Amino acid sequence: MPRGPKGEKRPADVVGNAVHVMRIATGQIEETTTEDGKNAAAVALGRMGGKARAAGMSDKKRKQIAKKAAKSRWSI
């Protein structure tokens, strides 16, 4: 299946693409991309990732990571 410019899957033929667009327009299926062209499911998972990682870490480990990030951010 071909992919669009933002990586979304599209039907291979013109008729299949027209049917897909019609289904989106009539509300039979939902468009799976956000306004900036990203996959909505991937965006939702990305938002949960950092919080889940931080919850599973000790305070000491989190502090080490923060110090390393600050050092690399502000070093020349």
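Which pattern does the protein follow when it is read along the sequence? What we have on the screen is a predicted model, and read from one end of the sequence to the other it follows the pattern α-α-α, with 3 helices and 0 strands in the protein.

Let me turn to the surface, where the accessible area of the protein comes to about 6800 Å², 58% of which belongs to carbon and sulfur atoms. Of the 76 residues in the protein, buried residues make up 7%.

Now to helix α1, which covers residues 14–26 and is where V15 is found. V15 is exposed, since its relative accessible area is 58% and the cut-off for exposed is over 50%. Together with V19 and M22, V15 makes a nonpolar surface patch of about 240 Å².

Next, helix α3, which runs through residues 59–74: at 1.5 Å a residue, its 16 residues should span 22 Å, and its end C-alpha atoms are indeed 22 Å apart, so the expectation and the model agree. The number of buried residues among the 16 of α3 is 0, and therefore this helix lies largely in the open.

Finally, the charged side chains: the structure holds 1 salt bridge, in which the side chains of D59 and R62 meet at 2.4 Å, N to O. Because D59 and R62 are 3 residues apart in helix α3, they are separated by about one helical turn. As for their surroundings, D59 is exposed, with a relative accessible area of 58%, whereas R62, at 34% relative accessibility, counts as partly exposed.

Key:
Residues numbered from 1 in each chain as written. Predicted model: local features only at pLDDT ≥ 70, side-chain atom pairs only at ≥ 80, totals over all residues. Heavy atoms only, no water. Helix = DSSP H or I, 4+ residues; strand = E, 2+ residues; numbered from the N terminus. Buried < 20%, exposed > 50% of the residue type's maximum accessible area, 1.4 Å probe, protein only. Areas by Shrake-Rupley, 256 points an atom, 1.4 Å probe, with all protein chains shown as cover. Expected span 1.5 Å × (residues − 1). Patch = residues over 30% accessible without salt bridge, like charges linked within 9 Å, V, L, I, M, F, W, Y side chains within 5 Å. Salt bridge = Lys/Arg side-chain N within 4 Å of Asp/Glu carboxyl O.
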